[in-house]
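Student: Could you take me through one part of this model in close detail, following the strands and what packs around them?

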Amino acid sequence: MTGHKRLTVVFLLLITWTLAGCAAVIVGAGVGAGTYTYIEGDLKRSYPVKFNKALDVCISILDDLNQPIVEKTTDGEKTTIKTKRKDGSPQIITVAIESIEWTQVSVRTGIVGYWEKDVSEQFHDFIAERLRK
């Protein structure tokens with residue numbers, strides 16, 4: 001990458017950070033599943049599966065973890081699931097259609113001001129593992 005291109009990338013990242021109001025972190029996520037995007041407590045990742053498959057996987061993981069669904073809302077293009085973890089902390093999972101074959105899952109774990117990024121990453125790891133089967 002030339003110096004000019006590198007400067008452009010850095011500039012674009014700074015603009016994104018400024019417009020988002022907080023740091024946006026993008027890290028490698030795994031084979032065939034894109035990247036994580038961490039913005040203001042939401043850890044987002046896109047998966048190469050249809051919406052219904054991603055939603056079913058998220059619900060089955062919650063069932064396996066014995067996390068009750070407190071509230072579930074949908075508007076046809078996205079479904080938001082509010083749940084409570086065993087320690088009582090909230091978790092919000094949003095499953096949204098990106099295209100016919102791609103779905104974005106956003107996981108937010110913890111209370112306001114203290115988001116548990118590692119727990120959200122673990123939930124995404126569970127999703128990726130089940131989708132590989």
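Tutor: In this predicted model, the hairpin of β5 and β6 has 5 residues between its strands, and G88 there takes a positive phi near 90°. The two strands of that hairpin, β5 and β6, pair in the antiparallel sense over 7 bridges, and one of the partnerships is that of T80 with T94 in β6. On its other pairing, β5 (residues 78–84) is joined by 5 bridges to β4 (residues 69–74), again running antiparallel, with T74 having T79 of β5 as its bridge partner. The hairpin of β4 and β5 has 3 residues between the strands, and in it G76 takes a positive phi near 95°.

From the strands one can turn to the nonpolar core, the largest of which has 18 residues, with I93 among those that have the most contacts inside it, alongside C58, V95, V105, F123 and I127. Two or more residues come from each of α2 (51–64), β6 (90–97), β7 (103–111) and α3 (117–132), and α2 gives the most, with 8 residues. Leaving aside neighbours within four places in sequence, I93 is in contact with residues including T79, T80 and I81, as well as C58, L62, V105 and F123.

F123 also belongs to the lining of the largest pocket, as do R85, K86, D87 and Q91, among others. This pocket has a volume of about 150 Å³, and its lining divides into 4 nonpolar, 3 polar and 3 charged residues, with α3 giving the most to that lining, namely 4 residues.

Conventions
Residues are numbered from 1 along each chain as its sequence is written. This is a predicted model: local features need pLDDT of at least 70, side-chain atom pairs count only at pLDDT 80 or more; totals for chains, interfaces and linings use all residues. Side-chain values use heavy atoms; hydrogens and water are left out. A nonpolar core is a set of buried Ala, Val, Leu, Ile, Met, Phe, Trp, Tyr and Cys residues joined through side-chain atoms within 4.5 Å. Buried means under 20% relative accessible area, exposed over 50%, partly exposed in between (1.4 Å probe, protein chains only). Contact means heavy atoms within 4.5 Å. On a 1 Å grid over the protein atoms alone, a cavity is a set of points where a 1.4 Å probe fits but cannot get out, and a pocket is an open set with protein on both sides within 12 Å along at least five of seven lines; lining residues have an atom within 4 Å of a point. Grid points are joined across faces, edges and corners, and a volume is the space filled by probe spheres set on the points. Ala, Val, Leu, Ile, Met, Phe, Trp, Tyr, Cys and Pro count as nonpolar, Asp, Glu, Lys and Arg as charged, and the others, Gly among them, as polar. Two strands pair if DSSP finds at least two bridges between them.
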